[in-house]
Each structure stands twice: as structure tokens, then as C-alpha cells.
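User: I would like to learn how to read salt bridges, burial and surface patches in a protein model. Please take me through them with this case.

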Amino acid sequence: MARKAQAAIPAYRRKRKGSIAGRVFGWIGRLILGFILFSLLWVLAYRFINPPITATMLGDILAGRGATRDWMPIGQIDRDMVRAAIAAEDGKFCSHNGFDLRAIEEAAKRNASGGRIRGGSTISQQTAKNAFLWQGGGYFRKGLEAWFTLLVEAMWPKRRIMEVYLNLAETGIGTYGVNAGSQRYFGHDSSAMTATEAARIAAVLPLPKKRGAITPRGFTRRYGNTISARIGVVGRDGLDACIYRDIAAPPAKAPPPVSRAPRPLPGEEYETATPPPPEAIVEDPLGEPVAEPTSGEIPPTENALPPVQEPVESEPPAETPPPPGAN
């Protein structure tokens, strides 16, 4: 009787009464396929459309800090800024396929030994994170970052990756992109930056909410000087060639004019700018105090650039008062 009753049930109804596990795996498969198709279309769209907003921007807006960004095409951004980003973040940008395995391995070893956590992310990985994901760690987010990095490298040219990176990277509290950062810190856009200005913004990128590009001190100043020296290495070795291949680069900047100040007349005094004392508190242009790392160590760049020897600053010996009674 049971077999006859089972045979009387239509085939489509018997199929629907499959195991729960089979239905669960079916739904998971559909979700994965839907995610793959959605992410492919999303990445393809951002190749031609500038991202309107990111999760990090939304977080700043909800926190009341706001989000300022002024998009500038890569062809208008000063080449020194592009070279500074490569010098500071990813010297192998033009030669890797999205991942620098050696840098990741070295970062893992340093982090395992304790101390300040450092990453080995390339510019491609940071672009994928900034455009499609959120800040913070975790294996789940890292896995998504790897997936989007593969898509970005496969579907975007290197020029577009750098353009999106320089326009989405956080350069200050509520400030996004090097153009908005240049306007905030230096009072002009990023089309005509000096090497020093570009290096200072690049030095701010790892900790944009805690570092300032105006009169930096300590770690940020030394790190910016190192990046500034490496800008010339990037240009000399053509490490930014993939960005300007078959496309005209921004025009070369004329050297600054030589200052020919008149000699002072007898009895005439001239004011000189006095730098702020080292103990002065550096403040962000929006009023927030800038916190510098307590460690003076400059992180090595996991890239193809040779280390740059920084000049050692020496203070003059303090004057010793003469002993009592001395002439």
C-alpha cells in the first residue's frame, strides 16, 4: 500500500521532498553564483564609473565627521604624487599581478615577532578594499579583498587602479583622495605638487586620522623625507612606466626660481622665519591634535626600492657656563 501511495504522488512533488541538506547546498550554490555575477558586474562598472561612495566614507558621515572628496583624473595628478605612492606603498606595482608574496611573507614574520602590526598589501589590494569593502581585519574580509583584487587586476588597467587608489585613499579626517588632501594641507590642487608635498601626503596614508602633513614632526617628518628621496628612484628606474605607457604624462615642472634677495644695508635688519620648537604641539587643520607614533622606526617598504640612508640630524652641544671666579 505504501508503494502504491508513493507512486500516486506526482514526480515534481516527490522531487520537492528531497533532503534538507540538498536544498541547503542548492541555496548556497545559488548565493555563491549570484555573488560572483554581482561582483563581476560591480568591478566592471567601476572601470568606467567613479565610485560614488565607499563604506569608509559612509562611516565618517554617520560619525558626523563628513566626507570631502574632489575627484581628479590620473592624467591631471602630479606625477610626483604617483611616484610618491609607489615609493611608499608598492614599488613593484607595475610588475606584480596584484599580490607581492614576498612582502606578505615578510610582514607575517614581523607581525609574529610582536610589536606594531604592519601589512604587506599592494596598491591593488588597498584599492580593492577601499572601493568595495570596509576597513578592519579578519580572515573573511581578507578573503573578499583577495577576490576583488583578482578581479581588479584582470578587468582594470594599472592606470585605472592607480587613479581609483589616489582618489579614494583617506588623507585626513573626513578627507579622501590626494586632491582633497592637497587642497586641505597646501591650499592648491594635486596637479602641481612639489616632491616634498607629495611625500608628506604619502607618509600620512597609513594612519590618516593620526598624522598631519602640515609641519610634520618626528616619525612622519623622517618618513616623508625618506619617501621624497625615493621619488627620484622611482623615476630613474621607470617604476611608474605602466601608468603612462602610450599616454602622455603630465608636463615636467620647471625648477624653482633662484632666490636673489638684496643684501641688507648697514643698520638694516630683516626678519627671518623661525621654525616652531620641537616640543610644539602639531595640530590638524581641522583642530584635532595629531598623534605621532612613539617609535622612531621607519617601516621598510616591501618593494623593489633600495633603502635610503636618511641624514642624521645633530644638535649643537649645549654651552657650558664658566666656573665661578673665572675671567
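Analyst: What follows goes through salt bridges, then one buried residue, then a surface patch.

This is a predicted model, in which local features need pLDDT of at least 70 and side-chain atom pairs count only at pLDDT 80 or more, while totals for chains, interfaces and linings use all residues. Residues are numbered from 1 along each chain as its sequence is written, and side-chain values use heavy atoms, with hydrogens and water left out.

User: How many salt bridges are there, and what is the rule?

Analyst: A salt bridge is a side-chain nitrogen of Lys or Arg within 4 Å of a carboxyl oxygen of Asp or Glu. By this rule the count is 10. One of them pairs Arg83 with Asp240, at 3.0 Å from N to O. Arg83 belongs to helix α5 (residues 79–89) and Asp240 to the loop between α12 (218–237) and α13 (241–244), so this pair ties together parts 157 residues apart in sequence. Helices (H or I, at least four residues) and strands (E, at least two) are DSSP runs, numbered from the N terminus.

User: Are Arg83 and Asp240 buried or exposed?

Analyst: Buried means under 20% relative accessible area, exposed over 50%, and partly exposed in between (1.4 Å probe, protein chains only). Arg83 is buried at 18%, and Asp240 is buried at 1%.

User: Which residue forms a salt bridge with Glu170?

Analyst: Lys209 does, with the closest N and O atoms 2.2 Å apart. Lys209 sits in the loop between α11 (195–204) and α12, and Glu170 in strand β2 (residues 170–172), so the pair links parts 39 residues apart in sequence. Lys209 is partly exposed at 34%, whereas Glu170 is buried at 13%. Through shared partners, salt bridges join Asp60, Arg65, Glu170 and Lys209 into one network.

User: Where is Asp60, and what does Asp60 touch?

Analyst: Asp60 is in helix α4 (residues 55–62) and is buried, at 2% relative accessibility. Contact means heavy atoms within 4.5 Å. Leaving out residues up to four places away in sequence, Asp60 touches Arg65, Gly66, Glu170, Gly174, Tyr176 and Lys209.

User: Which residues form the nonpolar patch on the surface?

Analyst: Patches take residues with over 30% relative accessible area and no salt bridge, joining like charges within 9 Å and nonpolar side chains (Val, Leu, Ile, Met, Phe, Trp, Tyr) within 5 Å. Here the patch consists of Ile20, Val24, Phe25, Ile28 and Ile32, with about 510 Å² of accessible area together (Shrake-Rupley method, 1.4 Å probe; for residues, only the protein chains shown count as cover). Phe25 lies in helix α3 (residues 20–48) and is exposed, at 62%.
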